[in-house]
Amino acid sequence: MPTSKDTDKVAVITGASSGIGASTARALAAAGYTVALIARRAERIEALAGELDNGSIAIAADVTDRDTLVAAAGRVEKELGRVDVLLNNAGVMLLGPFDAERKDDYKQMLDVNLLGAITATEVFLPLLRADGGGDLVNLSSVAGRTARPGNGVYAATKWGLNGWSEALRQELQPDVRVIVIEPGAVATELTDHITHEETKRGAEKMYEQMAITPEDIAEIIAFAVTRPKSVSLNEILVRPTVQP
């Protein structure tokens, strides 16, 4: 997918150690961006920064820990000088029946998927608004539009992300474009962490049959942020063609 070259621009990606985050880092690097890779798994993002070999940096941080994000923003400002794209990609999908046994899963999803994105945005927003503004990209889900049994709290985090994003779209325009990406089934590590075994087996089977690749989503993100500033792709729903 063609994109313009945006040399000397900087993208910050949370959850950059695998899946859509890592693939988007590669896509944006190819489009001329230097990337600040943020994730808890330091070894993975350090290896990815070395692979990109374009001045990109790896920063170990946790979106549920504001202090680590503040430190990350300080390092980005000092070493890279600016932020043109913030991709809130970090997320977990802990599906299963709604009951007290999964109360820790619910808290984790709320802390990572919703509060993590809010906190990362709050911390990086001053840099994103400087120098004429930039792009805030929030990774949501088809679950942000359609809920079903077994994904209630996950869907709640994504519906919340969508509502918050729309409010920010209106509040931050025209300096900051807010872009929401809503993937369906994508072949990432999301299903690996499901704690309810029956639900995990069902999700893995479905993903094996129909999931698209992280690179498919990365190309769309790269396309969206390289459009002219007069064009804003605010909400993009991307499903595998065969997904019901």
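Is Arg-66 buried, partly exposed or exposed, and at what relative accessibility? The legends below, for a predicted model, begin with this residue.

**View 1. Salt bridge between Arg-66 and Glu-122.** Arg-66 counts as partly exposed, its relative accessibility being 41%. Its side chain meets that of Glu-122 in a salt bridge, with an N to O distance of 2.5 Å. Because Arg-66 belongs to helix α3 (residues 66–79) and Glu-122 to helix α4, the pair ties together parts 56 residues apart in sequence. Glu-122 is likewise partly exposed, with a relative accessible area of 38%.

**View 2. Salt bridge between Glu-101 and Arg-102.** The closest N and O atoms of this pair are 3.9 Å apart. Glu-101 is exposed, at 71% relative accessible area, whereas Arg-102 is buried, at 7%.

**View 3. Salt bridge between Glu-235 and Arg-145.** Here the closest N and O atoms are separated by 3.3 Å. Glu-235 lies in strand β7 (residues 235–238) and Arg-145 in the loop between β5 and α5, so the contact ties together parts that are 90 residues apart in sequence. Glu-235 is partly exposed, with a relative accessible area of 46%; Arg-145 is also partly exposed, at 37%. Elsewhere, Arg-41, Arg-44 and Glu-189 are joined into one network by salt bridges that share partners. The count of salt bridges comes to 13.

**View 4. Helix α5 (residues 152–172) and its packing.** The end C-alpha atoms of α5 are 30 Å apart, which agrees with the 30 Å expected for 21 residues at 1.5 Å a residue. The buried residues of α5 include Tyr-154, Leu-161, Trp-164 and Leu-168. The buried residues of this helix pack against β4 (85–88), α4 (103–129), β5 (135–139) and β6 (177–183).

Conventions. Residues are numbered from 1 along each chain as its sequence is written. This is a predicted model: local features need pLDDT of at least 70, side-chain atom pairs count only at pLDDT 80 or more; totals for chains, interfaces and linings use all residues. Side-chain values use heavy atoms; hydrogens and water are left out. Helices (H or I, at least four residues) and strands (E, at least two) are DSSP runs, numbered from the N terminus. The expected span of a helix is 1.5 Å times one less than its number of residues. Buried means under 20% relative accessible area, exposed over 50%, partly exposed in between (1.4 Å probe, protein chains only). Contact means heavy atoms within 4.5 Å. A salt bridge is a side-chain nitrogen of Lys or Arg within 4 Å of a carboxyl oxygen of Asp or Glu.
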